[in-house]
There are 2 protein chains.
Amino acid sequence: MTQDERVEGVGDEVTDEMPWADVTPDAARRLLVAAVQAFAERGYHATTTRDIASRAGMSPAALYIHYKTKEELLLKISRIGHDKALAILRRAVESDGTAAERLAEAVRSFVRWHAGHHMTARVVQYELDSLGEANRPEIVALRRRSDASVREIINDGVESGEFDVPDVPGTTVAVLSLCIDVARWFNAEGKRTPDEVGALYADLVLRMVAAQKQ
Amino acid sequence: MTQDERVEGVGDEVTDEMPWADVTPDAARRLLVAAVQAFAERGYHATTTRDIASRAGMSPAALYIHYKTKEELLLKISRIGHDKALAILRRAVESDGTAAERLAEAVRSFVRWHAGHHMTARVVQYELDSLGEANRPEIVALRRRSDASVREIINDGVESGEFDVPDVPGTTVAVLSLCIDVARWFNAEGKRTPDEVGALYADLVLRMVAAQKQ
DNA sequence: CCGGACCCTAAGCGCTCGCTCACCCCGGAG
DNA sequence: CTCCGGGGTGAGCGAGCGCTTAGGGTCCGG
């Protein structure tokens with residue numbers, strides 16, 4: 001009863017920082033971070049539980065004190081990652097400003113997150129199929145909410161006349177796809193910072209939806 | 001000496017059709033097609049050689065008559081797939097017309113291929129890391145040539161004044177990224193045909209690079 | 001009839017996987 | 001000191017992996 005649970009209470013008013021800050025037993029967090037790195041580098045199926053444990057400085061058996069299975073690690077990573085990504089999008093949707101401003105902010109912050117946390121994002125976005133049938137629907141639902149958030153802004157812009165978008169669902173898919181794929185190609189040793197990529201992509205997306213002649 | 005090598009000589013003047021048409025022993029082609037499906041559905045590391053063989057209607061051992069290892073299958077798929085994709089881009093680059101026409105054609109045909117052959121494209125684009133150190137450089141080199149092809153068209157358009165692109169390398173990455181990610185989300189049972197997605201994406205890309213005010 | 005080249009299979013080798021279990025170390029209460 | 005419980009470990013389990021090998025069916029020229 002002394003050092004046990006301070007899980008709740010801190011709130012999550014921050015959305016852009018280290019995602020694993022409030023994973024509570026210290027050893028469990030180290031294992032989670034190790035799993036993110038391993039999954040991002042080698043893929044879920046090519047990663048062994050022995051590899052995860054040794055990255056966290058533990059024996060292979062220690063993993064099973066904190067997680068029931070290897071898939072539970074992937075599920076927890078996917079859940080937290082999608083929550084963070086969705087929170088970023090929702091904040092942009094619910095902010096004040098024109099549709100163009102909100103769309104630019106959504107793309108900028110979403111891309112910044114995918115670049116800055118490209119290891120996490122890679123696992124979150126590309127290892128969804130590695131989840132079993134039992135766990136996948138929960139994550140797919142989160143993803144659909146991200147889709148709806150972007151479509152919401154684009155629809156607003158079309159209705160207000162700011163945007164000229166012949167195919168709203170198709171353009172929504174394209175915008176999200178563009179942002180998500182950042183996690184695949186972004187390299188921390190490359191020349192661009194996450195901020196720069198975010199600014200570039202926000203500009204490109206605004207061009208995609210802008211009314212052609214005013 | 002009788003039926004051995006007729007590999008070369010047929011030429012590859014066709015770029016948009018079934019990619020495995022000229023894989024010569026019939027059993028080897030069936031195994032390759034089975035491997036593409038399995039890798040696309042489950043990923044390379046989650047696919048067993050027993051699964052590939054049984055999809056091709058053979059025993060597990062039959063695979064090793066035609067291929068030395070499981071990775072050789074992935075390498076062959078990657079090589080053929082990248083060759084086809086690059087050929088499509090090169091044809092657009094070397095065609096006649098304005099930069100805008102060539103860029104639109106490049107995106108349209110590249111996207112059409114990624115949608116129409118999304119299983120192959122998924123393996124080609126997303127399983128590159130599963131190749132060992134020995135084989136990866138060859139495929140990476142092919143990918144760089146695709147990158148250079150798109151950059152070439154965009155540079156032409158900037159120099160001729162057709163395009164207004166502040167960041168040519170960044171925009172090149174974005175365009176390719178947009179096209180490639182089609183392989184991830186495209187669903188054959190969905191509402192859109194590969195042609196429709198190609199047309200939509202060509203339009204979106206032209207908007208991204210178009211001179212804002214003329 | 002034979003004999004062998006060509007494909008393919010049944011069986012299984014050696015290995016590593018995800019995961020388990022019996023035990024140990026160590027700080028705090030009595 | 002003893003006792004105890006929770007986080008950790010060493011060793012190893014059954015299973016399934018990539019891949020190999022000995023041999024069988026079939027079609028050929030003789």
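**Close-up views of a predicted two-chain model with DNA strands**

**View 1. The contact between chains A and B in the predicted model.** The contact draws 20 residues from chain B and 20 residues from chain A. On the side of chain B that touches chain A, α8 (168-180) and α10 (194-209) of chain B each contribute at least two residues. The largest share of this side, 7 residues, belongs to α8(B). Sorted by class, the side of chain B that touches chain A comprises 11 nonpolar, 5 polar and 4 charged residues. Of the interface residues of chain B, 100% are also interface residues in chain A, so the copies meet through the same surface.

**View 2. Superposition of chain B on chain A.** A turn of 180° with a shift of 0.0 Å along the axis lays chain B on chain A, with an RMSD of 0.0 Å. The two copies are therefore related as by a two-fold rotation axis.

**View 3. The largest nonpolar core and the surroundings of B:Tyr201.** The largest nonpolar core contains 116 residues. Within this core, the residues that touch the most other members are A:Val107, A:Tyr201, B:Val107 and B:Tyr201. Leaving aside residues up to four places away in sequence, B:Tyr201 touches B:Val107, B:Val111, B:Leu178 and B:Cys179, together with A:Ala174 from chain A.

**View 4. The surface near DNA strand C.** DNA strand C has 15 residues around it. Those that come nearest are A:Thr48 and A:Thr69 from chain A, and B:Ser59, B:Ala61 and B:Ala62 from chain B. By class, the surface near DNA strand C consists of 9 nonpolar, 4 polar and 2 charged residues.

**View 5. The surface near DNA strand D.** DNA strand D is surrounded by 15 residues. The closest are A:Ser59, A:Ala61 and A:Ala62 from chain A, and B:Thr48 and B:Thr69 from chain B. The surface near DNA strand D has 9 nonpolar, 4 polar and 2 charged residues by class.

**View 6. Annotated segments of chain A.** An unreviewed UniProt entry places the feature "domain: HTH tetR-type" at residues 25-85 of chain A. This span is 72% helix and 0% strand, and its end C-alpha atoms lie 24 Å apart. The UniProt annotation "DNA-binding region", also from an unreviewed entry, covers residues 48-67 of chain A. For residues 48-67 of chain A, the end C-alpha atoms are 14 Å apart, and the span is 55% helix and 0% strand.

Definitions and conventions. Residues are numbered from 1 along each chain as its sequence is written. Chains are lettered from A and ligands numbered from 1 in the order in which they are written. This is a predicted model: local features need pLDDT of at least 70, side-chain atom pairs count only at pLDDT 80 or more; totals for chains, interfaces and linings use all residues. A residue is near a molecule or strand if its C-beta atom, placed from the backbone, lies within 6 Å of it. Ala, Val, Leu, Ile, Met, Phe, Trp, Tyr, Cys and Pro count as nonpolar, Asp, Glu, Lys and Arg as charged, and the others, Gly among them, as polar. Copies are superposed by least squares on the C-alpha atoms of residues with pLDDT of at least 70 in both. Two residues are in contact if their C-beta atoms, placed from the backbone, lie within 7 Å. Helices (H or I, at least four residues) and strands (E, at least two) are DSSP runs, numbered from the N terminus. UniProt positions are given in the numbering used here, feature names are shortened, and annotations may be inferred rather than shown by experiment. A nonpolar core is a set of buried Ala, Val, Leu, Ile, Met, Phe, Trp, Tyr and Cys residues joined through C-beta atoms within 7 Å. A residue is buried if 20 or more other C-beta atoms lie within 10 Å of its own, exposed if 12 or fewer, and partly exposed in between; C-beta atoms are placed from the backbone.
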